[in-house]
Amino acid sequence: MAQFHIKVLTAQGECVERTFAAATADEAGALALRQGLHVVEVRGGSHFPSLSPPRPRFDLALFSQELLALLRAGLSLIEALETLDERQQQAAGASPLIGTLVRRMREGQSFSQALQAAPAEFPDLFVASMAASEQTGEMVGALERYLRYHEQVTFIRQKLISASVYPALLLVVGMGVALFLLCFLVPRFSHIYEGLDTQLPLASRVLLAWGGYASAHVVLVSALAAGLLAGAFVLYRSGRLQPALLSLLQRNRWLAGRLQLLQLSRFYRSLSLLLRGGIPVLKALGMTERLLSRSLQAPLRLALQEVSQGQALSDALERHGLT
């Protein structure tokens, strides 16, 4: 993620500078627009990741559970947030995020408006649920529904991670064994065939030639391997690796169907959460659009247009391959 310094105009007409963490300048500008700010200038955006240890992430699930417990105990929303802020200030390296929420609410903003000021910590789904609960007065129910949704998503993520550990381990060990064979054993076996008059197959000649080259240029081969590992680390920290891998997997005919099913499952769970919270169906569809890949976002826009014209939701989604 890169840091972008954006000069914006507030609703009061003041020209101020804000800092946003995003992958691209367009994404940083979109974050500013979602907060109701008018973008004047975008500066910065170095994509080299910082080597300093990352700041601890804000635990939204823990925050929701603690807020839910305090609201059930009879505290008002502002009292519950002040209690959480006091407890967090006593922890080492605490983030001032909850204190910022309290300050914004005392300035007259609603809870959902205060949440929108921190899009990196509070996703659109959570903000929309809180905004709907402010209109219906059912914040406890909205928090319960979001926690159930978060539990389901976490369970699926953990199953995917546990299923990927064994293949990843095999891949790493296999690459290590292959490098050991190519760079250590093959150069020594190549001397056995130097005095033979037998014509070896092309694959064997290429393998022996590589072994001889690797043996004669150990430093260069080691530097190349280290450069590849460093490049992979930089791509991972910059956030570009995951979209590229997802796009590659979506072209695989065996995995594409399962990936699409996984995305649609998350899409419908999120849509259900918003509809139960009182969000109108057209607005809920627009808010859940970013949960789908780019190949599915265009059909969703077409379905959304048909629903806005009066067609049935189920027919529109089925017609565009979203069921």
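This briefing walks through the confidence, the aromatic pairs, a surface patch and one strand residue of the structure above. Please keep in mind that the model is predicted. Its mean pLDDT is 80, and 85% of the residues reach at least 70. A good place to start looking is the aromatic cluster formed by Phe63, Phe122, Phe126, Tyr146 and Tyr149.

**Confidence**
- Across the protein, the average pLDDT is 80.
- Residues 47-53 deserve some care, as pLDDT stays under 50 there.
- For that stretch, residues 47-53, the model has 9 contacts beyond four places in sequence.

**Aromatic pairs and their cluster**
- The count of aromatic pairs comes to 5.
- One of them joins Phe63 and Phe122: the ring centres are 5.9 Å apart and the planes meet at 65°, so this pair is edge-to-face, given that angles over 60 degrees fall in that class.
- Phe63 sits in helix α2 (residues 60-72), while Phe122 belongs to the loop between α5 (111-116) and α6 (124-136), so their pair ties together parts that lie 59 residues apart in sequence.
- Phe122 also pairs with Phe126, and here the rings are stacked, with 5.9 Å from centre to centre and 20° between the planes.
- Phe122 therefore takes part in an edge-to-face pair with Phe63 and in a stacked pair with Phe126.
- Together with Tyr146 and Tyr149, these three phenylalanines, Phe63, Phe122 and Phe126, make up one aromatic cluster.

**Burial within the cluster**
- Phe63 has 2% relative accessibility and counts as buried, because the cut-off for buried is under 20%.
- Phe122 is buried as well, at 1% relative accessibility.
- Phe126 has 0% relative accessibility, so Phe126 counts as buried too.

**A nonpolar patch on the surface**
- Turning to the outside, Leu169, Val173, Val177, Phe180, Leu181 and Phe184 make a nonpolar surface patch of about 530 Å².
- Leu169, one of the patch residues, is placed in helix α7, which covers residues 139-190.

**Phe4 in the first strand**
- Where is Phe4 placed? Phe4 lies in strand β1, residues 2-9.
- With 3% relative accessibility, Phe4 counts as buried.
- Phe4 and Arg18 are separated by 14 residues in sequence, and their C-alpha atoms are 8.3 Å apart in space.

Key:
Residues are numbered from 1 along each chain as its sequence is written. This is a predicted model: local features need pLDDT of at least 70, side-chain atom pairs count only at pLDDT 80 or more; totals for chains, interfaces and linings use all residues. Side-chain values use heavy atoms; hydrogens and water are left out. Rings of Phe, Tyr and Trp (its six-membered ring) pair if their centres lie within 6.5 Å; planes under 30 degrees apart count as stacked, over 60 as edge-to-face and the rest as tilted. Helices (H or I, at least four residues) and strands (E, at least two) are DSSP runs, numbered from the N terminus. Buried means under 20% relative accessible area, exposed over 50%, partly exposed in between (1.4 Å probe, protein chains only). Patches are made of residues with over 30% relative accessible area and no salt bridge: like charges are joined within 9 Å, nonpolar side chains (Val, Leu, Ile, Met, Phe, Trp, Tyr) within 5 Å. Accessible areas come from the Shrake-Rupley method with a 1.4 Å probe; for residues, only the protein chains shown count as cover. A salt bridge is a side-chain nitrogen of Lys or Arg within 4 Å of a carboxyl oxygen of Asp or Glu. pLDDT is the predictor's confidence in each residue, from 0 to 100. Contact means heavy atoms within 4.5 Å.
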